[in-house]
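Here's a quick tour of a protein and the ligand it holds. Take a look at the sequence and the model first, then follow the notes below.

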Amino acid sequence: MADFDADLVIGGGGPAGMIAGLLFARAGIDTLVLEKHKDFLRDFRGDTIHPSTLQIFHELGLLGELLKRDHVKVPVIHGRVAGEMIPVADFRHLPVAAPYIALMPQWDFLDFVAEAAARYPGFRLERCTEATGTIERDGRVAGVSLAGGGAARARKLVIAADGRHSVVRAGSGLPQETIGAPMDVFWFRLPKHAEPENETVGTFDPGRIFVMIDRRDYWQCAFVFPKGAADRIRAEGLDAFRRRVADVGPETAAAVDAIGSWEDVKLLTVTVDRLETWHKPGLLLIGDAAHAMSPIGGVGINLAIQDAVASANILAAAMAAGEAIDPLLAKVQARRMLPTRMTQGMQKLVQDRVVAPLLAGTHFDRPPVMLELLKRLPMLRRLPARVIGLGFRPEHVRSPEARGISPRI
Ligand SMILES: Cc1cc2nc3c(=O)[nH]c(=O)nc-3n(C[C@H](O)[C@H](O)[C@H](O)COP(=O)(O)OP(=O)(O)OC[C@H]3O[C@@H](n4cnc5c(N)ncnc54)[C@H](O)[C@@H]3O)c2cc1C
């Protein structure tokens, strides 16, 4: 039975929790991150590091070190619509230190963050430690209960960053708004048989949405299908599924035999929701725990990290100075609710107007006007690049760095 205590307890060591851990420890706060898994290796961890996140690392003086880790740069995202390749977002003009999406296995990214955070004496990461709910004292959240019977007590605050199936959120009683999603995703790898590189591409045809992310040595593939249809697709058999994948194009046809069994194909269920209130005394929820994001635009990690930066900006100095934290929690929500609403609104629009009709087999006579314009007017590609790459209301590191400690790796 494990027992811990810290000023700040963070439940969940994903992008939101680890970046929060890094920033609060950097500000000199005694910080404990609890992660239920023994490592960051998972079948699925979105692998996109967006320009705004790279900018955060630039501001922390860690960008150069981060980019020494193996990654693939994606300066432009393409969509293949009715067989035609259309550049959808061009990041090269963004006013940031690294104007591209870096594709890096998220376990490498999180390992890097853990190493950077471990340079600060206040940082602790406890793996194989699962939060099961909150514990309260005097009407305030004062820690989390742990699987196996122990507890992690928080002297100042609990941050729940335990993702879209958050147990902390489930037990919090905080009201939640469900936005919903019309799709789920099968997620698997295919070997790459040929160049080119950096050809991360989505294919959008009636009855088919298929995304291939270039991971240099292999394609990470997302086969998008109508919500709840996983069992039906499995029942049609693996050969039928392979044929659907092979039909996407020559790259998939050449590689589809690599899908040896359904074991190679992981189901990712998509949920989109948000809490109406992200906090109560002693507790703040951030990232997917506060607002589960659709995969559209691949912006969920980015948003989770921005929440962590905003939390540290608003809370860390006050926490270090021993000020009351509860009155400040609403400021974090006030700062981050607008970008959350706007991003989910955009995702819902694409879900309703593009994803659901396409998955239902709707034939569009021609590509949507917006895509035509993107094809003809390169300047216009800067707009989606801004929305995807920087998001609404990008955050910058304003939280303090405690004196006398250096994070440089
Ligand atoms: C199909 C699909 C594809 C997506 N693709 C992308 C993409 O390409 N790019 C992108 O930016 N976003 C993508 N997203 C969204 C993205 O995955 C999330 O928005 C993002 O991971 C949220 O980060 P987080 O830190 O809040 O939560 P998570 O990444 O879910 O991290 C939560 C962490 O908490 C741990 N944890 C969970 N419960 C407990 C517990 N009880 N105790 C202790 N630890 C716990 C988990 O192990 C995990 O490490 C996708 C989502 C889906 C569904």
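Alanine 131 has leucine 146 in strand 10 as its bridge partner. This is a predicted model, so keep that in mind as you read. Alanine 131 also turns up again at the ligand, where it is listed among the closest residues.

**The hairpin**

- Strand 9 (residues 131–137) and strand 10 (residues 140–146) run antiparallel, and six bridges join them.
- Between these two strands sit two residues, which makes the pair a hairpin.
- Look at the turn and you'll find aspartate 138, with a positive phi of about 55°.

**Around the ligand**

- How many residues surround the ligand? There are 33, and the closest are Glu35, Thr48, Ala131, Asp288 and Ile301.
- Alanine 131 uses its backbone here: one of its backbone N or O atoms lies 2.9 Å from a nitrogen atom of the ligand.
- Isoleucine 301 also brings in a backbone N or O atom, 2.8 Å from an oxygen atom of the ligand.
- With histidine 37 it's the side chain that counts, as an N or O atom there is 3.0 Å from an oxygen atom of the ligand.
- On its own the ligand would expose 1,000 Å², and the protein buries 92% of that.
- Helix 1 (15–26), strand 17 and helix 9 (300–320) each hand at least two residues to the shell around the ligand.
- Which element gives the most to that shell? Helix 9 does, with three residues.
- Sort the shell by residue type and you get 14 nonpolar, eleven polar and eight charged residues.

**The seven-stranded sheet**

- Seven strands make an open sheet with mixed pairing, in the order 6-5-14-15-16-13-17.
- Why do strand 6 (84–90) and strand 17 (266–269) each have a side without a neighbour in the sheet? They stand at the edges with a single partner strand each, so one side of each is left free of a sheet neighbour.
- On average, neighbouring strands of this sheet are turned by 25° against each other, ignoring direction.
- Within the sheet, strand 15 (residues 208–214) pairs with strand 16 (residues 218–226) in the antiparallel sense, over six bridges.
- To spot that pairing, find methionine 212, which stands opposite cysteine 221 in strand 16.
- Helix 10 (residues 326–359) packs on the sheet and touches strand 13 (183–191), strand 14 (201–205), strand 15 and strand 16.
- The direction of helix 10 makes about 110° with that of strand 15.

**The three-stranded sheet**

- Another open sheet has three strands in the order 3-7-4, with antiparallel pairing.
- Strand 3 (48–49) and strand 4 (72–74) are at its edges with a single partner strand each, so each has one side without a neighbour in the sheet.
- Strand 4 and strand 7 (residues 101–103) run antiparallel and are joined by three bridges.
- In that pair, valine 72 stands opposite leucine 103 in strand 7.

Note on methods:
Residues are numbered from 1 along each chain as its sequence is written. This is a predicted model: local features need pLDDT of at least 70, side-chain atom pairs count only at pLDDT 80 or more; totals for chains, interfaces and linings use all residues. Side-chain values use heavy atoms; hydrogens and water are left out. Two strands pair if DSSP finds at least two bridges between them. Helices (H or I, at least four residues) and strands (E, at least two) are DSSP runs, numbered from the N terminus. Axes are lines fitted to C-alpha atoms, for helices over the stretch in contact, and angles run from 0 to 180 degrees between N-to-C directions. Contact means heavy atoms within 4.5 Å. A residue is near a molecule or strand if one of its heavy atoms lies within 4 Å of it. A polar contact is a pair of N or O atoms within 3.5 Å; within protein, one must be able to donate a hydrogen and the other to accept it, and residues adjacent in sequence count only if both atoms are side-chain atoms. Accessible areas come from the Shrake-Rupley method with a 1.4 Å probe; for residues, only the protein chains shown count as cover. Ala, Val, Leu, Ile, Met, Phe, Trp, Tyr, Cys and Pro count as nonpolar, Asp, Glu, Lys and Arg as charged, and the others, Gly among them, as polar.
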